Amino acid sequence: MSETDDSNEIEVEPSQETRQPPAVADDVLPDTLHLIPVPHRPFFPGQVQPIAIDPGTWEKTLQAVQREGHGLIGLSYVNVPDSTAAEPRQFPEIGCVVRLHRPPNAAGHTGHFLAQGIKRFRIVRWLSDKPPYLVQVEYPRSQGDRDNDEIKAYAMALIKEIRELLPLNPLYSEELKQYLANFSPRQPSKLADFSAALTTATGEQLQEILDTLPLRSRMEKVLNLLRKEREVAELQGQITSQVNEKVSEQQREFFLREQLKIIQKELGISKDDRTSDVEMFEDRIKDFVMPEAASRRISEELHKLSVLETGSAEYGVTRNYLDWATSVPWGVLSEDNLDLKHGRTVLDEHHEGLDDVKNRILEFLAVGAFKGEIAGSILLLVGPPGVGKTSIGRSVADALGREFYRFSLGGMRDEAEIKGHRRTYIGAMPGKFVQALKEVQVANPVIMLDEIDKIGASFQGDPASALLEVLDPEQNSEFLDHYLDLRVDLSKVLFVCTANQLDTIPGPLLDRMEILRLSGYVAEEKLFIAKNHLWPKQLERHGLKEEQLKINDAGLKYVIDSYCREAGVRTLEKQLARIMRKSIVRLLDDKEKKLRVGKKDIEVLLGKPPFQAERPLRGVGVVTGLAWTAMGGATLPIESSQVHTLNRGFKLTGRLGETMKESAEIAYSYVVAHLKDYNCDQDFFDMSLVHLHVPEGATPKDGPSAGITMATSLVSLARRERIKRPLAMTGELTLTGQVLPVGGIREKVIAARRSKIMELILPFANRRDFEELPDYLREGINVHFARNFREVFEFAFDEHRADKSLH
């Protein structure tokens, strides 16, 4: 047994219900101890507090302590997830021997014991490195004179810090009372250990205190921990005080407001929430010119609101209904600007070209000016992406001086988005048109329905069918919204719809709209748009001044021809933005520098161009056609070849649609039946497998407009003669050789100009379409109009007559 130097330890009296093991004198401690690891923080000498020991896990250890009879056990701080798997190397050298004041053999014991820290121990040797852990220990003495003035000063500093902590946390006072009941403040070693145990420091920091034997060093470390603890406690107190102040202020304000309401109500100078709501709704509609049905319905709802309790669910539903019903601008019309010069100026400022669209809008304005008012109308703008369909709607609103509201129909699948939800549903709302009227606060705005060709349908209904009532001038004067359940007049609204194609728009809906086609821009138009609209807009968006960065016409033309061949200008705008971003990187090195971008700089800024100069394919059996796509017009080369002469056959490739396959079959049948008329070998197709291919095989193609092109390709193959000059054609062919009209003439002419093909063959019935094109599109184009394939053949193979062409 070892002797110790601490002589002022006390024993806690056991409860009468438990049996205390035989007492062991504090100055006589065993040389061997059973160890139990504690995971969270170490135990200190002088500390008295409950600990939990799992009887199932440490049953053998507790039985061994019971057999020894002294109730002493060693506690060591080990920070491992599974304490039963702790290895000797994970145990610290210094621990604390404690006395368990509730023996483990008590009946029904749950493993909770009252532990009293006795003294530090140092592990000398491991006698069992598996549970139950058993070690040989020694009991080191504290190093330092407790009567030293410096030690006394540290003790006074510790007591001062503890005194400052007491007001900040009442729990500290309970622990201080427990300490004073057991120890004297003149014991600096116990004071330091108690002060350390008082803090919320980490287990590693507290173990460092336990390991420190020199009294001065230990007290210095504990003093630092106490100061940090005080700072944290003060900060916590400040936060709590701020929260309490806010809560107290809110409670005070609430009580004062309630008192003020009661006082005002008693004096008759204030109204309750219900009366205020009723008066607010009545004030909204006093200047409206409302239909009799709507006025009667709102009056009924106001009466209902005035008798309902404000806390009831029905009150909230009724109030929400009245909020919407009184927000609709019944009979409120904005004054239209019918000045045609102003309208032309606004349209020209915002858009280049598009004369046919501008003229139609000006006609609309002219009728309104002549009549004195503008009635509602439904316009459908159809064209490829990026040609300015959406922005035209805003320009129309600006020209008329009307409010503008836009929403997209793309992907819409619920008809309630159009006609509103029934009031019986939770979260019910009116449809988009009532929402639009509420936002613009006039009954005659310009409403743009974007992407009407991409509207969907689902089990929730068909929005396209719901639009039939809205877009019918004969019906929309009494449009019924399901939520309001009132007739709303939409006849004064100017609807502008946009679409990329007409195929996906239901026929009855398409029949209600006036169609205006927006074709793509030619290079000259794109150049003007880039110089006057896109480049200045991008300069402003990137924060650049005009003199800092300039691009010449040659550079813009190169960007347009080699990087942006789509019908619209969206890609062109993106490429100009790329040029500016890369130029800004250079300007960051020298902000005073001025950059000039020319044709030679474009590839450095944008990389290699994705488009090269198009050269129409030529050869026997090769003819260039013209096609229309949703992205604009395109040239479409068609090739035919004789595969072998073993048997007769006709093969088609190029992802052709059903209509285009039928056109190919018609062309093949017609040419085979008229070989003699076109000076072809009459036996050519009898023993030949002919393969007709339309390049860009990954792109689906369909339509009848390639009929004459396919027939010309087959005639060229049979005659073994190629077309000697750049020539493109389009037209539908019948079995009797007639050439029928096709659509998309503007787009196809633009595609031909883009490919620098200046000689075209078009159906005679499309002559009017060509003559309606602007002069700058027709300039330099040599067009032959054909009524039948015989004329196509004569034009293509230089056998045509001069009086059948138009220059």
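This report walks through a few features of a predicted model: its salt bridges, a pocket, a surface patch and two helices.

## Salt bridges across the chain

Let's start with charged pairs. The structure holds 43 salt bridges, and three of them are worth a visit here. In one, the side chains of K304 and E314 come together at 3.8 Å, N to O. K304 sits in helix α8 (residues 292-307) and E314 in helix α9 (residues 313-325), so the pair links distant parts of the chain, 10 residues apart. K304 counts as partly exposed, at 29% relative accessibility, and E314 is partly exposed too, at 36%.

Next up is D348 with K358, a salt bridge whose closest N and O atoms are 2.9 Å apart. Because D348 belongs to helix α10 (residues 340-350) and K358 to helix α11 (residues 355-371), this pair ties together parts 10 residues apart in sequence. Are its two ends buried or exposed, or something in between? D348 is partly exposed, with a relative accessible area of 36%, whereas K358 counts as buried at 6%.

## A buried pair and a network

The third salt bridge joins the side chains of E469 and K419, at 2.9 Å from N to O. Here the two parts of the chain are 50 residues apart: E469 is in helix α15 (residues 463-470), and K419 is in helix α13 (residues 416-419). Both of these residues are buried.

Some salt bridges also share partners. That is how R297, E301, K304, E314, R423 and D485 end up in one network. You have already met K304 and E314 as a pair.

## The second largest pocket

Now for a pocket. The second largest one has a volume of about 730 Å³. Its lining is made up of 28 residues, and those nearest its centre are H351, V387, G388, K389 and S391.

Which elements give two or more residues to this lining? They are α12 (389-400), β10 (404-408), α17 (523-541) and α19 (570-589). The largest share, 6 residues, comes from α12. Sorted by class, the lining of the second largest pocket has 11 polar, 10 charged and 7 nonpolar residues.

## A nonpolar patch on the surface

Over on the surface, L235, I239, V243 and V247 form a nonpolar patch, with about 330 Å² of accessible area together. One of its members, V243, lies in helix α6 (residues 215-267). V243 counts as partly exposed because its relative accessibility is 45%, and the partly exposed range runs from 20% to 50%.

Here is a handy bit of background. An α-helix has 3.6 residues a turn, so residues three or four places apart point the same way.

## Two spots under cover

L165 is found in helix α2 (residues 149-165). It is buried, with a relative accessible area of 1%. L165 and R230 are 65 residues apart in sequence, yet their C-alpha atoms are 5.9 Å apart in space.

Finally, look at helix α23 (residues 745-754). How many of its 10 residues are buried? The count is 9, so the helix is mostly covered, with buried meaning under 20% relative accessible area. The buried residues are I745, R746, E747, K748, V749, I750, A751, A752 and R753. After α23 comes K756, whose phi is positive, near 60°.

Terms used:
Residues are numbered from 1 along each chain as its sequence is written. This is a predicted model: local features need pLDDT of at least 70, side-chain atom pairs count only at pLDDT 80 or more; totals for chains, interfaces and linings use all residues. Side-chain values use heavy atoms; hydrogens and water are left out. Patches are made of residues with over 30% relative accessible area and no salt bridge: like charges are joined within 9 Å, nonpolar side chains (Val, Leu, Ile, Met, Phe, Trp, Tyr) within 5 Å. Accessible areas come from the Shrake-Rupley method with a 1.4 Å probe; for residues, only the protein chains shown count as cover. A salt bridge is a side-chain nitrogen of Lys or Arg within 4 Å of a carboxyl oxygen of Asp or Glu. Helices (H or I, at least four residues) and strands (E, at least two) are DSSP runs, numbered from the N terminus. Buried means under 20% relative accessible area, exposed over 50%, partly exposed in between (1.4 Å probe, protein chains only). On a 1 Å grid over the protein atoms alone, a cavity is a set of points where a 1.4 Å probe fits but cannot get out, and a pocket is an open set with protein on both sides within 12 Å along at least five of seven lines; lining residues have an atom within 4 Å of a point. Grid points are joined across faces, edges and corners, and a volume is the space filled by probe spheres set on the points. Ala, Val, Leu, Ile, Met, Phe, Trp, Tyr, Cys and Pro count as nonpolar, Asp, Glu, Lys and Arg as charged, and the others, Gly among them, as polar.
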